[in-house]
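Thanks for coming. I have one structure to go through today, so please look at the sequence and the model while I talk.

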Amino acid sequence: MNLQNAVVEGGVAVLVIGWIMYRQTQWQALDQTKLWRGPIVLGLVGFLQMKSVLTGGGLGVLAVVLLALSAALGLTFGLVMGQLSQVRVGAAGLEARTGWVGSLLWLVLLAVRIGIDVVAHANGAAVVTSIGAILLMVALNRVGRAVVLARRAEQAHAVAAH
């Protein structure tokens with residue numbers, strides 16, 4: 001990977017994470033379609049990018065382990081972020097926001113991800129450091145959060161129906 005690609009990929013990652021962190025602090029309508037749109041788009045882009053990276057070579061054992069660890073951490077942090085989210089009834093229905101604690105979890109996840117990238121780069125598992133792998137981790141994080149928020153929305157609707 002050359003320096004220009006590293007700068008572009010790093011910039012994209014910072015923009016995506018910054019956008020998500022900002023959105024987490026804002027009250028948003030808890031709409032099922034919007035809840036799943038982000039994870040699906042990020043996952044598809046990440047998958048397509050990973051597919052193009054993998055065309056050049058195979059996956060070693062370390063790369064598979066690090067990718068699985070990234071996926072597990074992304075999903076786990078997403079589930080926790082969904083639990084930490086605040087849900088309220090707004091003018092247009094249910095609204096949710098993860099808030100600053102969830103954003104701090106993003107920073108922790110980012111730090112762990114950087115550590116994984118350092119290990120991967122030092123051991124020749126460059127596929128782990130690709131933007132596709134990062135986007136897949138972010139997509140899984142958003143899936144975890146969406147699963148919890150969708151369940152909480154169903155519970156709120158069930159309580160309101162009684």
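**Phenylalanine 77 and its surroundings**

I will start at one side chain. Not counting neighbours up to four places away in sequence, phenylalanine 77 is in contact with Leu105, Val108, Leu109 and Asn141. Keep in mind that this is a predicted model. Phenylalanine 77 sits in helix H3. Is phenylalanine 77 buried or exposed? The cut-off for buried is under 20% relative accessible area, and phenylalanine 77 comes to 15%, so this residue counts as buried. From its C-alpha to that of glycine 102 is 8.9 Å in space, and the two residues are 25 apart in sequence.

One of the contacts I just listed for phenylalanine 77 was Asn141, so let us go there next. Asparagine 141 belongs to helix H5. Its relative accessibility is 0%, and asparagine 141 therefore counts as buried. What does asparagine 141 touch, leaving aside neighbours within four places in sequence? The partners are Gly74, Leu75, Phe77, Gly78, Met81, Trp106 and Leu109.

Glycine 78 is on that list of partners. Like phenylalanine 77, it is a residue of helix H3, and H3 covers residues 61-84. The relative accessible area of glycine 78 is 0%, so glycine 78 is buried. Beyond four places in sequence, glycine 78 touches Asn141, Gly144 and Arg145. For a distance, take leucine 136: its C-alpha atom is 13 Å from that of glycine 78, with the two positions 58 residues apart along the chain.

Now to tryptophan 106, another partner of asparagine 141. With residues up to four places away left out, tryptophan 106 touches Ile17, Ile20, Met21, Gln24, Met81, Val138, Asn141 and Arg142.

**The nonpolar cores**

Tryptophan 106 is also one of the residues that touch the most other members in the largest nonpolar core, which has 17 residues. The others in that group are Val16, Ile20, Leu42, Leu109, Leu135 and Val138. Which elements give two or more residues to this core? They are helix H1 (3-24), H3, helix H4 (99-122) and helix H5 (131-161). H5 gives the most, with six residues. Apart from this core lies another one, of ten residues, including Met50, Leu67, Ile116 and Val128. As general background, nonpolar side chains in soluble globular proteins tend to be buried together.

**The sheet**

Next, the strands. Three of them form an open sheet in the order E1-E3-E2, and the pairing is antiparallel. Strand E1 (28-29) and strand E2 (86-90) are at the edges with a single partner strand each, so one side of each has no neighbour in the sheet.

How many bridges join E2 to E3? There are five, and the two strands run antiparallel, with E3 made up of residues 93-97. A hairpin of two residues links E2 to E3. On the other pairing, two bridges join E1 to E3, again antiparallel.

Glutamate 95 in E3 turns up in both pairings: it is the bridge partner of arginine 88, and alanine 29 stands opposite it.

**The chain as a whole**

To finish, some overall values. The protein chain has five helices and three strands. From the N terminus on, their order is α-β-α-α-β-β-α-α. The C-alpha atoms fill a box of roughly 55 × 25 × 20 Å along the principal axes.

There are 162 residues in the protein chain, and 38% of them count as buried. Among contacts with a separation of 6 or more, 82% are between residues 24 or more positions apart. The accessible surface comes to about 9,100 Å², and carbon and sulfur atoms account for 71% of it. As for charge, there are 11 positive and 5 negative side chains, and the centres of the two sets are 4 Å apart.

Definitions and conventions:
Residues are numbered from 1 along each chain as its sequence is written. This is a predicted model: local features need pLDDT of at least 70, side-chain atom pairs count only at pLDDT 80 or more; totals for chains, interfaces and linings use all residues. Side-chain values use heavy atoms; hydrogens and water are left out. Helices (H or I, at least four residues) and strands (E, at least two) are DSSP runs, numbered from the N terminus. Buried means under 20% relative accessible area, exposed over 50%, partly exposed in between (1.4 Å probe, protein chains only). Contact means heavy atoms within 4.5 Å. Accessible areas come from the Shrake-Rupley method with a 1.4 Å probe; for residues, only the protein chains shown count as cover. Lys and Arg count as positive and Asp and Glu as negative; His and the chain ends are not counted. The place of a charge is taken as NZ of Lys, CZ of Arg, CG of Asp or CD of Glu. Two strands pair if DSSP finds at least two bridges between them. A nonpolar core is a set of buried Ala, Val, Leu, Ile, Met, Phe, Trp, Tyr and Cys residues joined through side-chain atoms within 4.5 Å.
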